[in-house]
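Please walk me through this structure. Start with one strand pair, then widen the view to the sheet, the chains and a helix.

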Protein chains: 2
Amino acid sequence: MKKHKVIFQPSGRRGEVEEGKTLLEAAQSLGVDIEALCGNKKVCGKCKVRIEEGYFEKDNMESGMAHVSPLTEDEKKHIKPEDGPGIRLACSAGVYGAVKVFVPERSRAGKQIVRKTAKELTIALDPAVRKYNIDLVAPKLHDMTTGDYERVLKFLENGYGLKNLTFDYVALKDLQNILRKGEWKATATVWMDREIIKIEPGFVEVCYGLAVDIGTTTCVGYLSDLSTGRVVNTESMMNPQVPYGEDVMSRITYAMSNPNGLETMQNAIITGLNEIIERVVSEIRKDGPDPGYAIDDLTIVFNTAMHHIFLGLNPEYIGRSPFIPAVQNSLNIKARDLGLKINPSAYIHVLPIEAGFVGADNVGVLIAEEPYNQDEMVLIIDIGTNGELLLGNRNRVCSASCATGPAFEGAQIKFGMRAAPGAIETVRIDPVTKEPLYKVIGKADWHTHLEKVNAKGLCGSGIIEVVAEMFKAGIIDKSGRFVMDLNTTRVRKDADGRPEYVLAWAEETSIGTDITITQGDVRALQLAKGALYTGAKLMMKKLGITKLDRVILAGAFGSHINKEASLTLGMFPDCELDKIYAVGNAAGDGARMALLNKGKRIEASEKARWVEFIEIATDPTFEKEFMQAMHIPHMKDSFPNLKVLLEKAGSSVSIKG
Amino acid sequence: MKKHKVIFQPSGRRGEVEEGKTLLEAAQSLGVDIEALCGNKKVCGKCKVRIEEGYFEKDNMESGMAHVSPLTEDEKKHIKPEDGPGIRLACSAGVYGAVKVFVPERSRAGKQIVRKTAKELTIALDPAVRKYNIDLVAPKLHDMTTGDYERVLKFLENGYGLKNLTFDYVALKDLQNILRKGEWKATATVWMDREIIKIEPGFVEVCYGLAVDIGTTTCVGYLSDLSTGRVVNTESMMNPQVPYGEDVMSRITYAMSNPNGLETMQNAIITGLNEIIERVVSEIRKDGPDPGYAIDDLTIVFNTAMHHIFLGLNPEYIGRSPFIPAVQNSLNIKARDLGLKINPSAYIHVLPIEAGFVGADNVGVLIAEEPYNQDEMVLIIDIGTNGELLLGNRNRVCSASCATGPAFEGAQIKFGMRAAPGAIETVRIDPVTKEPLYKVIGKADWHTHLEKVNAKGLCGSGIIEVVAEMFKAGIIDKSGRFVMDLNTTRVRKDADGRPEYVLAWAEETSIGTDITITQGDVRALQLAKGALYTGAKLMMKKLGITKLDRVILAGAFGSHINKEASLTLGMFPDCELDKIYAVGNAAGDGARMALLNKGKRIEASEKARWVEFIEIATDPTFEKEFMQAMHIPHMKDSFPNLKVLLEKAGSSVSIKG
């Protein structure tokens, strides 16, 4: 049977698919989530995908033979001009050659769930945006020398002490009709006690803000009620810029080497954020022209490259010496100037960046975790495609950035996937039998072998756990190499002769193939953790310390990350286990804090300047340190706390204590 | 021969035209200026007009018979989709029924010239917008913690003492490339010492601003060099809102009674102003994406209704009791938010309005003429479609508004026209022979009868003069009625038996017909001048004064207005002739002053609130006063200064001294 290569974006899942199979079947066999509500009846139109490459193979150019079957009548009913070019229904397009397929966010089945839970923050409520109720007397003829605008300003001054307010022009255009619609009762939304950014009829109390964290790989938005501080909804998605490059440097290259490359990526992320906005407000009152009109404030964090691309600033100069960003200060930009579909008069507050690639996201971590208020020496690791580190205490805090790659987020891992239902998130391996137990997102219990649980792949936390467990069980050694003489069928060689560990047999999965951990997966994780370890070590050297009092693990999946597994892998130097904390998405927490308390914005600007940025890659010992840090947990460093832990767990692996 | 009625907009010129004549021939016979560069060879495509009504007559609806001849192949070559519907070449479309035709500004021949001359203003230069040269050191690797933005801010603070500057987002997007293009030499344009609104490569000195006066009938823009205060160019045009209503009230009605009526008129004036912008910058350096990119500041004045429509604010409530404007305060609005094609980051400074229909244009007059700094009791008349009055001195100043109609601007006058070449602007009539002498715009000398001077009609100042002269020569009496038993062929009856005075015989004109002053023209002028007189009289009553120390005549054609003729007509109560001043476009002068000196903006806001607005139309004596003021110069009031003047001039007319 003839087979063709199929690549799905943005997940990067790829494989050989039999000729004639539909793209939906191909996706299912590769563990790619595509919505197919109608169960392949070709009526729901939900499974739209975009053919990105391979419509025609070079060899077949002249004959015009397509790599996918021709458009069917069923498809024509569902595909609209606004869908853009290359759109097909995955259930209907058959594979007849190599293709690259992009699965739009709307067509992806199963919501990413890990970032759903936003932790409670304890912070004084003092938001930048507030609503003030206005109760005017209807004007009479003798009032004629006073305009609507002036009457509102006078009420806000007399009633609330707000002076010298300005009025956003777009908001002003609604004023007359709204005052009359509400019979002279209205609500003014005021930004920073300076500018009126909305007028609504009647008395409105609840005020919404959105805290946004744009990661290289994933984006999340927390909809917050600014009067209570509560997160009322959270939505996330893959960063739609992934097709233009999986890491920061490749996106900078894309911007530099493609005409309109920057504009293309800026549009992609703005469109993506607008989709998050549309979804996140789905359950609250609609009262404006745009879906997100109820949102009156927005704070946003991202790394420096994502920051530049989001703002349409040329990222070229941050990617090459002397690494100069366009702007480091915080910015307040009108939503309408960025094309964001919230209240068009609202401001987008862009948190400041530190330096180099240490961006506003790290400033978010900084103001959420406040190392500058601690006596203990704390290492904060923000795990993502670009890892950022903070080390210090109230006397001094340093920051650094290291390129970990997207392995921690499940990308570039053979069976890696988003933290969505079907993803293996927790793993234990019996050190004697080498048999695993695992938990799948969406199921409460440990999986009993051979029970059909519809596993599809591993999310980031699952990958970290399985590699740590493989090390503890002796399946891989300190250097990450597979131990091949074990008495188990789970360690085997693949068709190309490369070793792999079978975590789930095909029968347990929904994708019809064994889910395995390959030598390549282990290597990807070693590179990622080695980069973090090296960063931490070089920072400790810079600060002249040899011991960490505390380690804080932050990141997209931070609240799920297994701190024992992280310590076992050697993601950071040894530390007492109960001094290791997984705090979840601290960058997002910082964005939320800046949303809820405007003093935090000032704090962010001050501390972003105060933190000392360290360039790690230029350290002369970098390469040697990195090579040693690739080992599990490390080639030379001792891990007294980890040694005790492994002994307690009954692991036969011996490490330097 | 069959004839059809043709109406040309925005001039309002109308007449019967023989069937089969082209629209260009019709326009020429009615004195409507249409550009026809190719001399009717149908090749230049300059004479585009829009058929507004009468493509089909109701009776002919079914037969589909058009009122104009079918579109020719010649026309199809010139008419583009972006021209919009109904566009024809005037040279090619033949008249076969009643039609209403709009002549777009671009197709109008002959520039309006009267407002060209902007008088010298003596005012200290302290503009809201300034350019600062920046000379940075190229960044090196150790500078990496400083972004481009921060380096510019630091230079502006150290070099010029500018602190806490913000950076407009759109301007910021250019920063990186411009700094590098100019090899770290650049120029920052700063608004109000608060915000950077432009970055240009290299050292730029000259800075442009535009002062705009939007009248009900005409619009003008003065391009000023903010470093010298000089006006470098002036452009004007008919207000493109004229087709939607010739006066303020009819435009308010249009906005209320048509879906998207407000939006349509706002778009028309924004498009029109963009055309003024494009024309006014034609001779200065282009250096940006939009034609007007070199303009970094814009001040604008208009009456309250034009103000609301320009800003997209509902004008409904200013048109009915209790006459509440949306906003009276001055506003600063980003050019991009209004769609004006100057520097998109620049602010449009909208001067404050006073009250009712007394708008920002009167505030312009106020700060240009400064009655609040005078000891003498001064009456300031701003003549336009809506007349505005100021009366007072340093102790107290009152303002009022009166609807004069567009007669003073040459509209609704049978042979009225814009102040363009061919317009009669000055007239003398021999009191004995009743023979006139006149001057045509574009010719220096008095016209000798029967010399072909290509007269086309009368502009506003010509109309005022001819009616005053007709009164002095005894052709019309105090009540405005024609005296029919004079020994002259110039006073005659038209086809409908209505009296008229022949100012120019057909042989002297370029339109092939006699140019006459009709009884209707005289009535229109009486209504207009009566409204002004009544306003002034009621204000004097309010202030308890009986005598004017000084009269200032302002307006579109103010610098050309004949003060003797104005006094003769009784546009205002009696005053010494050498205490009457014609100051030209004082509203525009005020806009220019606010452009050149930011202190004038504060003065405008303070004085706009300080001036007392008087509602004239509600005065119980209004109707009686108005009826008496319709007489020339007045039914009852005495005019001692005018009496002397008329006696000196040898007029046989006797008035109350």
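**From a strand pair to the two-fold axis**

Strands β14(A) and β15(A), the latter covering residues 347-350, pair in the antiparallel sense over four bridges. The model is predicted. Within this pair, A:L331 stands opposite A:V350 of β15(A).

The pair belongs to an open sheet of six strands in chain A. Their order is β12-β11-β10-β13-β15-β14, and the pairing is mixed. Two strands of chain A form the edges: β12 (231-238) and β14 (331-334). Each of them pairs on one side only. On average, neighbouring strands of the sheet are turned by 20° against each other, direction ignored.

Next, the chains. Two copies of a chain are related by a rotation about an axis and a shift along it. Here, a turn of 180° with a shift of 0.0 Å along the axis lays chain A on chain B, with an RMSD of 0.2 Å. That is the relation of a two-fold axis. Which residue of chain A comes closest to the rotation axis? It is A:D337, with its C-alpha at 4.5 Å. Of the interface residues of chain A, 98% are also interface residues in chain B, so the copies meet through the same surface.

Last, a helix of chain B. Helix α10(B) runs over residues 460-472 and has 13 residues. From first C-alpha to last, α10(B) reaches 19 Å, close to the 18 Å expected at 1.5 Å a residue. Is α10(B) largely enclosed or exposed? Buried here means under 20% relative accessible area. By that cut-off 13 of the 13 residues of α10(B) are buried, so the helix is largely enclosed by the rest of the structure. Just after α10(B), B:G474 takes a positive phi of about 75°.

Conventions: Residues numbered from 1 in each chain as written. Chains lettered and ligands numbered in written order. Predicted model: local features only at pLDDT ≥ 70, side-chain atom pairs only at ≥ 80, totals over all residues. Heavy atoms only, no water. Pairing = 2+ DSSP bridges. Axes fitted to C-alpha atoms, helices over the stretch in contact; angles between N-to-C directions. Least-squares fit on C-alpha atoms with pLDDT ≥ 70 in both. Contact = heavy atoms within 4.5 Å. Expected span 1.5 Å × (residues − 1). Buried < 20%, exposed > 50% of the residue type's maximum accessible area, 1.4 Å probe, protein only.
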